[in-house]
Amino acid sequence: MKNKPQGESLEDRYLDWALFRRILSYLLAFKNWVILSILLLLVVSVLNLAGPYLTKIAIDDHISVNKIEGLDKIALLYFGILVAAFACQFAQIWLLQWIGQRVMYGMRTEIFTHMHRLPFRYFDKNPIGKIVTRVVNDVESLNEMLTSGLILVFNDVFTLVGIFCVLLFLDWRLALVVCLIFPFLVMAAKAYRVRARDAVRKNRSHVSRINSALEENLSGMTLLQLFGRQNEFYKKFSDANEDKLHEDMRALHYSSVFMPSIDLFSSIAVGLIIWYGGGRFVQEEIPLGVLVAFLQYLQKFFEPVRDLAEKFNIIQTAMASSERIFELLDTPVEIIHSQIETRVKPVQGRVEFKNVWFAYNEGDYILKDISFTLEPGETLAIVGATGSGKSTIINALFRFYDVEKGDILIDGCSIKDMNKYDLRRQLALVPQDVFLFSGSILDNIRLGNTSKEMEEVTAVVDAVHAQEFIESLTDKFDYQIGEGGKGLSLGQRQLLSFARALAVNPGILVLDEATSSVDSETEILLQKAVGELTHGRTSIIIAHRLSTIKHADKALVLKNGEIVEWGLRKELLRKKGIFYNLYKMQADR
Amino acid sequence: MTIGIVALLLTDAAGLAIPWALKSVIDSLSSKPQTGALLSMAGLIFFLSCIQAASRFGWRKCLFGPARLIERDLLNHLFRHFLSLDTPFYQTHSVGDMMSRATNDLRAVREFVGLGLLIWVDAVVVIVSALGLMFWIHPVVTFWVLLPLPIVSLLFFNFIKKIGEGHAAVQVHLSKITSQVQENVAGIRTLHTFVQEEHQKKLFDKLNREYIDKNLRVAKLYGIFSPSYIFTLGISALVSLWIGGNATLAGEMTLGEFVAFNGYLLMLSWPMMGLGYVINLGQKGRVAMGRLLEILNAEPLVNDSLVQNDRNFLIRGSVAFKSVTFSYPNANKTSLNDVDLLIPKGQRLGIVGRVGAGKTSLINLILRLYDPESGVVEIDGLPINQIPLDVLRKNVVRVEQEPFLFSMSIRDNIALGDSSADDSQILSVVHSAGLQDDIERLPNGLDTLIGERGVSLSGGQKQRVALARALLAGPKVLILDDAFSALDGDTESQVLTEILSRLDNVTLILVTQKLQTARKMDFIVFMEDGRILEQGTHNELMQTNGKYAHTYRNQELAMDMEITLQ
């Protein structure tokens, strides 16, 4: 019941011309090449059809009248045609692939660029796997449709029409006799297509059911063994397997009926021609060569019919993929102000939050009326319980999300008026969970700035006290980091993240302290590195460690999105409020 | 299967008879036959093709059908084997690799069994008989016509191999593109923070261009292959037309024979190609079968071979480690180093220590997911490998930090603990795990489907579902491996109190990062680098003033900080 509407919408999509036009629009940029490719197809089809016709001439004009001269010429012509067909077909196949690859390249670049412009809210909502599928697999299946579906349909149609024209030309009466079987042919093809599509679609859903069951069971194998549920899960799996087999058999049945039925139609046509054509030959209305050519063409006639029924199903699958691609492309992007004016002057580092209000979900404010100012070179410590809005301050400063009300100023300039790239170039973030990319240590420190000299990198690494651990690795700076930073400890990853931030020499540093504990030696290293990072630089630290608070110039205490205490460290200590209590805890140790 | 092959032979025979019938039609035309004779000729051809169609239907069903059945049986067999393999096996084989064996390799085997066999029989029959008939008609012309045909097979074999290699290169490259996109999405915040969009676009562009090149290389191969195949066949037809035509003119064969000859030639084209194809399929099938056998021949190392006791063996719940040393397969570091530990029945033990200290390894040995390298793990004084695995695992139950949930309803996930449990039992464990409020808020209550890996639940909810599942199993030893890490402090102590009162007389092993929680246990071990560093009650350990005490005070401070800020 649940699957029914989806099935129906698939049917609609099949007929969705707007979608189809949009796909075709991607071909528009290669209009001339596409036309050339279709022309080549036409030529190839015609050349392929020339063979039987030459046979006819050979029989009628030479063999049956015993005239040997000229047969050589026909053979030569035949050879020429073969060579030409070879060349054209090669050009056509290559051209088609080239177009397909170009279209795919353009589409992929477009999606990738679009993806990088999507608001973070999109990534909050959509799982990684889904986005990856759009960029990779869906584009791939669309390419499949362009190269082996859509354009090759022309091939089949040309061949069909071509053969029929030749038949008409040879003898229109015989051709009309062949027409008698067309309605049956169309009916058979249609009946097959509808049933096969249904079986194939159901089969596909069973296959994905089997695959996800397999994947899930293999991943959770230990658990299901611990609970001794092998038999139950085996039963479930083999049931899915059985269902798939059922659809397999159904699809097999349809093709087993359809494919031979085409042969049957073909021989009915042959029978009709022999009976009717043979009679006309006897009455000397047609020459023997025409009859032979007719029989040869008929054999070629039924292949495209078989093909076309299959190709409709390919096209249909691709339609579903393209719809998903367009859905992503139609997701509105964020506007990145493109005027490049602010980046000329180096940042001073004055940060001001002016009555900032922010909500992820409308009306549910995470930041309420936040105002504070930080002079160049000052260090601010933000403290607050989990969920008090600390990270949201960072998100707003980096413009990962836009604030609802109020304004954030850097050196007196609103970040809304800045080019987003310029804004972020002035800032550096050390996040709580370090994300490491697969690649070398060096790549991870300098990221895209591959022009950065080795000396600069070493200086940065020295400054954050990461040199010792990098030296200890097998390939030092060339050490390859596995997926997600496998192989490195928590502390090492933190140090790398520090080096990465320092390498861009930011005007303003933002540090979200990690909560998890590391051993005491690493802890000391990290503390020293933080001192180095914040030295002479405007810094905002979300503090989870009391020791960090000690070094801050200013502090801000957050509670449920509101500021409860804010000011110079010394003033706050005199006030004897929350901050004072925290500070005292540290001192008491 | 036999029927299928008979049907196949029948198809071929009918197929071969049709050009012969056409031959007699054409030859008879010169003698100006009557319409009735023509009609009967047409009828004969129609009859022959009816036989052909019917037998073609027959072999498709009878040859492809069994291949599908074999595929199903093989997959079922493989899956059953997967279920029997042990944790060391799964540690050394990635899920992706096993998936690809169970899908791609299995398909290759099926194709060989179904299609390969079919083509083999078909090709041999058609080639032999069509050639025979051609020779019968005119041996010399046959020789000349056949000359180009072996080239087709050779060509096919070579190109298919090269095209296959090209396809593999394309696949490898596509997976590179996939990883880049995957990494881009996963690390999007970091990338945007450091304004790396343009750089990533460049990298992506480069990958994409290389991808085009690799694809076009395959296209070029294919572009040469497929027309040259048609070309070679065309040459054969040309030779037939020329030499055959001359032979007909010379009166060496009749016009009808000439037409039939061409008909047979046309029939040969497919089996010639088929031979190259079947060799390729066979190679792929053999490699794939080898990969499948690698799994099917794997034996679980953790097994019941040493079990002497019968299944009625009762576990009471004491656990002992006697100088146990253990390292994971393929690891270069020992995870447990000469560990001695005694956990009396009904005692509550807290295990603490940093990430990588060996806490989970200790647990894995109690569950006998692995066997130790040296030393013995004992349950109730009996070496653990003498207890039947299913008895052991029915009585020793673990809750993990990141529990695995199946994409079923919450009820079914909990019922994994005991499938015969009734509603009241399930509700009781749901209550003990502090889940009842959460479940009431869900649209279908206990019957809510939780999606793959339980995506629709929060981390804390997943942990409590896993706890409920474990409680339902009614274990004698319950292991909580950092199982409350996603719960807030209040919920955690609530749930823990509930469990402690519910599980009287059950041995409890609690692994945790939070020393405040470990404190509630009867005794505590502090682990570091695979050894037990400190051991005793909370008070004893605080008095020792070692690492435990140090960590405890640090954590207390952090707690106070959080409390101050609340």
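What percentage of contacts in chain B between residues at least 6 apart in sequence join residues at least 24 apart? The answer is 77%, where contact means heavy atoms within 4.5 Å.

Before the exercises, a word on conventions. This is a predicted model, in which local features need pLDDT of at least 70 and side-chain atom pairs count only at pLDDT 80 or more, while totals for chains, interfaces and linings use all residues. Residues are numbered from 1 along each chain as its sequence is written, chains are lettered from A and ligands numbered from 1 in the order in which they are written, and side-chain values use heavy atoms, with hydrogens and water left out.

**Exercise 1. Describe the overall build of chain B.**

Step 1: begin with secondary structure. Chain B holds 19 helices and 10 strands; these are DSSP runs numbered from the N terminus, helices being H or I with at least four residues and strands E with at least two.

Step 2: test the chain against a globule. The globule rule gives 24 Å for 566 residues, but the radius of gyration of chain B is 36 Å, well over that value, so the chain is more spread out than a compact globule. Here the radius is taken over C-alpha atoms, and the rule is 2.2 Å times the number of residues to the power 0.38.

Step 3: look at the dimensions. The C-alpha trace of chain B spans about 120 × 60 × 50 Å along its principal axes.

Step 4: turn to the surface. In chain B, 55% of the 566 residues count as buried; buried means under 20% relative accessible area, exposed over 50%, and partly exposed in between, with a 1.4 Å probe and protein chains only. The accessible surface comes to about 24,400 Å², and carbon and sulfur atoms own 57% of it. Such areas come from the Shrake-Rupley method with a 1.4 Å probe, and for residues only the protein chains shown count as cover.

Step 5: count charges. Chain B carries 51 positive and 55 negative side chains, with the centres of the two sets 6 Å apart. Lys and Arg count as positive and Asp and Glu as negative, leaving out His and the chain ends; each charge is placed at NZ of Lys, CZ of Arg, CG of Asp or CD of Glu.

**Exercise 2. Find which residue of chain B forms a salt bridge with E242(A), and place both partners.**

Step 1: recall the principle. Side chains of opposite charge can pair when their charged atoms come close. A salt bridge is a side-chain nitrogen of Lys or Arg within 4 Å of a carboxyl oxygen of Asp or Glu.

Step 2: name the partner. E242(A) pairs with R72(B), with 2.8 Å between the closest N and O atoms. This pair crosses between chains, linking helix α10 (residues 230-282) of chain A to helix α2 (residues 35-84) of chain B.

Step 3: compare accessibility. E242(A) is partly exposed at 35%, whereas R72(B) is buried at 17%.

Step 4: try a pair within one helix. K206(B) and E210(B) form a salt bridge with closest N and O atoms 3.7 Å apart. Both sit in helix α8 (residues 197-249) of chain B, four residues apart, about one turn of the helix. K206(B) is exposed at 53%, and E210(B) is partly exposed at 27%.

Step 5: widen the view. Shared partners join K244(A), D248(A), R68(B), E71(B) and R110(B) into one network of salt bridges.

**Exercise 3. Work out the surroundings of R60(B).**

Step 1: locate R60(B) in helix α2 of chain B, where R60(B) is buried at 16% relative accessible area.

Step 2: list contacts, leaving aside neighbours within four places in sequence. R60(B) touches L252(A), S255(A), S256(A), M259(A) and G65(B).

Step 3: check a partner distant in sequence. G4(B) is 56 residues from R60(B) in sequence, and their C-alpha atoms are 7.4 Å apart.

**Exercise 4. Examine the phi angles of D411(A) and K476(A).**

Step 1: set the background. Most residues other than glycine have a negative phi.

Step 2: take D411(A), whose phi is positive at about 50 degrees although D411(A) is not a glycine. D411(A) lies in the loop between β4 (405-410) and β5 (413-414) of chain A and is partly exposed at 26%.

Step 3: take K476(A), with a positive phi near 50 degrees. K476(A) is in the loop between α16 (467-472) and β8 (480-481) of chain A, and is partly exposed at 35%.
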